[in-house]
Structures are given as structure tokens and as C-alpha cells.
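Visitor: I've got a model open and some questions about its charges, turns and helices. Could you walk me through it?

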Amino acid sequence: MSSKLSTFICQNCGSETSQYFGKCLNCNSWNSIVEEIKIKRSKYQDPKDIKNSKKSIPFNEISSKKISRFTSGFKEIDRVLGGGIVPGSVVLLGGEPGIGKSTIVLQSAGKISLNEKVLYVTAEESLEQVKIRWERLNQNSNELKIFAETNLTLIMEEIKSVNPSFAIIDSIQAIHNHEMESSPGSVSQVRACSSELQNLAKNNNIALLIIGHVTKDGALAGPKTLEHLVDVVINFEGDKVSSHRLLRSIKNRFGSTFEIGIFEMLEKGLVEVKNPSSIFTNKENISGVTTTITNEGSRPFAVDIQALVNKTFYSNPRRTTTGISINRLHQILAVIEKHLGIKLSEFDCYIATGGGFEINDPSSDLGVAISILSSLKNLPPLASTSFIGELGLSGQVRKSNNLRTKIEEAVRMGIKNIVVPKLEEELNNNFQNLINIKEISNIKEAVDYSLSE
């Protein structure tokens, strides 16, 4: 027996209550609670209906097979996914409206369909609209199958019928399960549809890519359980004014997280960027500009850090950052004031990274500090020099992770000098004839070396 009951669900965090509130008690968002009808099913399950009951086994009895992957057609996507697409995996792709999610997925589907069977399910556009984009992208595959539908049951029947190696759902918020009375895009619909599609993909060894919307805060829309459900979560980021796009891995059960892929949006679609460091550096030798090398996942990037320090006209000096945490800037300014005796509280300070690239690696601290002092003194830093090192609160320059790969990237970029924390002798000897390495232990040594008049 089953009966209907009414429940109230927050569309922001997915929490459920038995009555309506104007404000969600869990995430504190206003007017996000919506009434939905649920079907209460009997909890009793006949033991005869349970088939293939499993038992626990020790690790030595588990047979492990090497993961076989197939390429997405883009090396940058393969890098973010950990080496390619894993059969039976579920990937969630999120991004701002108009950033190019459907474009990159359609391009990749066209390349995959040259070797594998691919089904593209469009729930937001008609077949004619997809055909227009296909022709604009100048794709040449005739094997890609397109299916325009929003009903979950019909979509699952089509996937079973075609039995593709790779299936795409564009997008999960537009699909609805007719057995549920809530509207498409609601928390319960997204949760139920995603769960059904995931079970289908796992049972039939089909690689599934789901496109998801984002909220106004930039987070993936729908319940958080959606991100826990899938194997891989990737974000497609970028500025609508700029032509460059970043594909960033947030979660990956088959590879490292926080890997990054870089594309450029052109008239005929997205193109991979072969040398990403060239986007974020101009190799200028002017006051207030330094170069640091940061790691995103396993990949090093050379990024310019720009600083503008100017006498303030306000009682509280302005502190503005682009691409770097504002709290990190406050900490670096405090270290400079304490250990170099320079009173920066009388100056406005503006920091920006090349191309607005978001740096999370603390090894960029030294580059930020030198760029601030370079702008303050109106003196260019040492030419063709990169700065790597985390700045400690006592003024010391701390060791950085993945220092070998960062030095290798500096050599590849043709940088002549690099300022780093104290190195191991073996690492220093490996690069002795390739780049001039200056080892320092504190911020004062770095300033004396790079900003000497």
C-alpha cells in the first residue's frame, strides 16, 4: 500500500521539514522552501524479492582489474578526468549560463563518436537548435545520435535501446520523473532522476556525463547528494568578456583533484591551449610586476602578479585583490610592516593576477610581497626572475611543495633567475647549468637580491 504525503523541501540545501518556514533552518536562505508531494511506500520487503544476496569477503579475495579508458578527443579534458573517460563512470559538469558547457560537450561527443557509440540527450533545446550549433562547430561525425526529450522514462528506454558507450544528459534540471508531482529542477526531481540514471549507467557499463546548472553564488544547483552520487565533478569557469575557459576538477574517484584544463573560445568552438603559461605572463620588467609559478593539481603555471601601491586619501586604506585571497594579502602586508619596518598602513594596495587566474598555492606569497615593494619603491625587480616561497609570520620563507616541477617550468619558460627557499643539494645540482637559483631564508634576503638599485 502507498499513500501521498506533503513535505517541505529547501531548494537550496535539500533539507526537509514537515511544515513551511519563510527561512530555511539549515542554510538560512529565505523563500527557498517549496511544498512537494511524496509517495510513502511500504517499508516491508519480501525476502523472496531479494536476489543475488552478497556476503563480505577479505581484500585478498577481491580481483582487481586495470581501469580501461577511452579518450574524450581533447587532451585537456583527459587530463582533468585523470587520463580519459572510464566506462561506467558518472561525470557532473557545472558552469555559468553561456560559458560554453553544451559547446564543449558537443565537440567532445563528435570526436568520441568516431570510435565509440554516443548518445546526446538534449532536454533544453530542439533537434534543430542542436543541428545549428553542430554546423557552426564544423563537426564531421555522422555516428552521433541526438535525442530531444525531457521525460526520464523515455530517456532511459532510449539509452537501453541504443546501448551507447557514452551518454550525455543536457541538462539534469530540465528532466522530470512523471511518477513525482514536483516540478522539473526541484530538489526531489534532481535527486530521483540522477539516482535512476546513475543506476542505469553502472548496471550497463555506460559512461554518463550530466550537465548541471549553477546557483547565483556559483555553486552547483540541486542537493549536495548529487555531488556525492557521481564519480567526477568538474566546473567550467571563465569570464564572459575573456575568451579563455578553465575546466577544473573538484572531485575525481579515478584521478587527482584540482587538475585544470585550459581552452580558448573561438568562432568555431573551443580550442585547447597548448602553452597555458604564455596566457598569464607577459615577461615585462616593470615596477610592481613579478612572476611566480603555482601548481594546480600536478600542473605548474607561470603567472604574473601585479601590484599597485599608492598613497591613501581615506582614513582606512583600500585593499583589493583579483585572483588572490584578501586575507592572504592582509597577512603579507603585516609581515612586511613587522620585519622590514615599512609602514604600509598609509598606502592603498591593489593586487591582481595575470588574466585573473585564481591562485590557491601559498608559494605565491613571495611574489606578492616583492611586487608590493617594487610598486612602493617604483623600482622594477630583477629582470627575468621568478619568485617561489611561502611567507611565514616571522618573516621566514618556507619550503614549497612540488618545487622540482616549478623549477622545470621556469626553465621551459626561459626564465634566467629563480628565487626559492633553501634547497636540497641534490635538487640544486640538477638545475645548476640550466637556471640561476638564488636560495633565501627570509623576506629581507629576497628584497636585497631582487630590488637592489
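Visitor: Is aspartate 231 buried or exposed, and at what relative accessibility?
Guide: This is a predicted model, where local features need pLDDT of at least 70, side-chain atom pairs count only at pLDDT 80 or more, and totals for chains, interfaces and linings use all residues. Residues are numbered from 1 along each chain as its sequence is written, and side-chain values use heavy atoms, with hydrogens and water left out. Buried means under 20% relative accessible area, exposed over 50%, and partly exposed in between (1.4 Å probe, protein chains only). Aspartate 231 therefore counts as buried, at 4%.

Visitor: Which lysine meets aspartate 231 in a salt bridge?
Guide: A salt bridge here is a side-chain nitrogen of Lys or Arg within 4 Å of a carboxyl oxygen of Asp or Glu. For aspartate 231 the N to O distance is 2.6 Å, and the partner is lysine 202. The pair links distant parts of the chain, 29 residues apart: aspartate 231 is in the loop between helix H6 (225–229) and strand E9 (232–238), and the lysine in helix H5 is lysine 202.

Visitor: Which residues are linked with Lys202 in a network of salt bridges?
Guide: Helices (H or I, at least four residues) and strands (E, at least two) are DSSP runs, numbered from the N terminus. Lysine 202 is partly exposed, because its relative accessibility is 37%. Its network partners are Asp231 and Arg253.

Visitor: How many residues apart in sequence are the parts that lysine 311 and glutamate 346 tie together?
Guide: Their side chains meet in a salt bridge at 3.2 Å, N to O. Lysine 311 lies in strand E14 (residues 299–311) and glutamate 346 in the loop between helix H8 (326–340) and strand E16 (347–353), so the pair ties together parts that are 35 residues apart.

Visitor: Aspartate 170 is buried yet has no salt bridge; which side chain of opposite charge is nearest?
Guide: Lys and Arg count as positive and Asp and Glu as negative, while His and the chain ends are not counted. The candidate sits 5.6 Å away from aspartate 170. That residue is itself paired with glutamate 125, the closest N and O atoms being 2.9 Å apart. The nearest one is arginine 133.

Visitor: What side chain does aspartate 170 join in a polar contact?
Guide: A polar contact is a pair of N or O atoms within 3.5 Å; within protein, one must be able to donate a hydrogen and the other to accept it, and residues adjacent in sequence count only if both atoms are side-chain atoms. Aspartate 170 lies in strand E7 (residues 166–170), and a cis peptide bond joins it to serine 171, with omega about 0°. Its polar contact, at 2.8 Å, is with tyrosine 120.

Visitor: Why is H9 largely enclosed by the rest of the structure?
Guide: Its 13 residues (365–377) should span 18 Å at 1.5 Å a residue, and the end C-alpha atoms are 19 Å apart, which agrees; the expected span is 1.5 Å times one less than the number of residues. The buried residues of H9 include Asp365, Leu366 and Gly367. H9 is largely enclosed because the buried residues number 11 of the 13.

Visitor: What is phi of asparagine 378, the residue that follows H9?
Guide: Asparagine 378 lies in the loop between H9 and strand E17 (385–387). With a relative accessible area of 59%, asparagine 378 is exposed. Its phi is positive in a residue other than glycine, near 55°.
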